[in-house]
Amino acid sequence: MCHWRWHGRSYCIALTASSRSSVPCCPIPVVPQQSLLHMWPAGFTHLQQAQTVRWGHWLMSHAAGWQRDDMRVRDLLPRVATLPLGSGALAGNPFLVDRQFLAQELGMIGGVCPNSMDAVSDRKWAWGATGLGCWKQIRGCRM
């Protein structure tokens with residue numbers, strides 16, 4: 001279980017890095033050329049042409065989405081990075097294991113799982129991490 005959470009933590013950290021690095025790698029020019037500043041492309045709603053929008057307004061629509069995705073990762077990371085190590089299979093650990101110290105040393109920013117039964121049975125963090133990857137793919141498809 002700890003191994004899975006460790007990989008989930010690494011996945012969330014990688015998603016954070018990819019969302020921050022995807023902005024400069026975006027095929028859209030970061031500093032628009034002078035001719036693009038006065039461009040008014042047609043907007044679309046329900047697959048029909050709608051009113052025109054400014055180029056910068058269109059660019060900011062993607063930036064706002066990336067910002068929300070980054071907030072989702074930061075919100076999910078403490079739930080994923082919770083240490084179940086030392087919980088035992090069911091009723092805890094009879095050894096004197098300093099779980100707080102282990103969590104700190106391993107970089108598990110969510111601390112330790114407070115209940116051993118919950119620690120070994122909880123899988124919702126994996127669902128959240130998988131959903132986060134799907135959201136990132138959907139965001140990329142909008143480009």
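Contact here means heavy atoms within 4.5 Å. By that rule, Arg139 touches Gly65, Trp66, Arg68, Asp69 and Arg72, leaving aside residues up to four places away in sequence. The model is a predicted one.

Start with Arg139 itself. This residue is found in helix H6, which covers residues 124-141. Is Arg139 buried or exposed? Its relative accessible area is 11%, and the cut-off for buried is under 20%, so Arg139 counts as buried. Along the chain, Arg139 and Gly65 are 74 residues apart. In space, their C-alpha atoms are separated by 7.2 Å.

Now turn to helix H3, residues 55-80. H3 has 26 residues. At 1.5 Å a residue, H3 should span 38 Å. The C-alpha atoms at its ends are 38 Å apart, so the model agrees with the expected span.

Many positions along H3 can be followed by their burial. Trp55, Leu59, His62, Gly65 and Trp66 are among the buried residues of H3. Further along the helix, Val73, Leu76, Leu77 and Val80 are also buried. Two acidic residues, Asp69 and Asp70, belong to the buried set too. Gly65, Trp66 and Asp69 reappear from the contact list of Arg139.

How many salt bridges does a search of the whole structure find? The search finds three. Take them in order along H3.

The side chains of Arg72 and Asp69 meet in a salt bridge, at 2.8 Å from N to O. Both residues lie in H3, three residues apart, about one turn of the helix. Asp69 has 1% relative accessibility, so this residue counts as buried. Arg72 has 31%, which means partly exposed. Both Asp69 and Arg72 are also touched by Arg139 of H6.

Next come Arg74 and Asp70. Their side chains form a salt bridge at 3.6 Å, N to O. These two H3 residues are four apart, again about one turn of the helix. Asp70 is buried because its relative accessible area is 12%. Arg74 is partly exposed, at 47%.

The remaining pair is Arg79 and Asp75, with a salt bridge of 3.5 Å, N to O. They too sit in H3, four residues apart, about one turn of the helix. Here Arg79 is partly exposed at 46% relative accessibility. Asp75 is partly exposed at 46% as well.

Why do such spacings suit pairing of side chains along a helix? An α-helix has 3.6 residues a turn, so residues three or four places apart point the same way.

Step back to the residues before H3. Strand S1 (residues 42-45) and strand S2 (residues 48-52) pair in the antiparallel sense, over three bridges. Phe44 stands opposite Gln49 in S2. The hairpin of S1 and S2 has two residues between the strands. In that hairpin, His46 takes a positive phi near 55°.

Finally, look at the surface. Which residues make a nonpolar patch of about 230 Å²? Trp6, Leu85 and Leu106 make the patch. Leu85 lies in the loop between H3 and helix H4 (99-106). With 37% relative accessibility, Leu85 counts as partly exposed. Patch residues must have over 30% relative accessible area, so Leu85 passes that cut-off.

How values were computed: Residues are numbered from 1 along each chain as its sequence is written. This is a predicted model: local features need pLDDT of at least 70, side-chain atom pairs count only at pLDDT 80 or more; totals for chains, interfaces and linings use all residues. Side-chain values use heavy atoms; hydrogens and water are left out. Patches are made of residues with over 30% relative accessible area and no salt bridge: like charges are joined within 9 Å, nonpolar side chains (Val, Leu, Ile, Met, Phe, Trp, Tyr) within 5 Å. Accessible areas come from the Shrake-Rupley method with a 1.4 Å probe; for residues, only the protein chains shown count as cover. A salt bridge is a side-chain nitrogen of Lys or Arg within 4 Å of a carboxyl oxygen of Asp or Glu. Buried means under 20% relative accessible area, exposed over 50%, partly exposed in between (1.4 Å probe, protein chains only). Two strands pair if DSSP finds at least two bridges between them. The expected span of a helix is 1.5 Å times one less than its number of residues.
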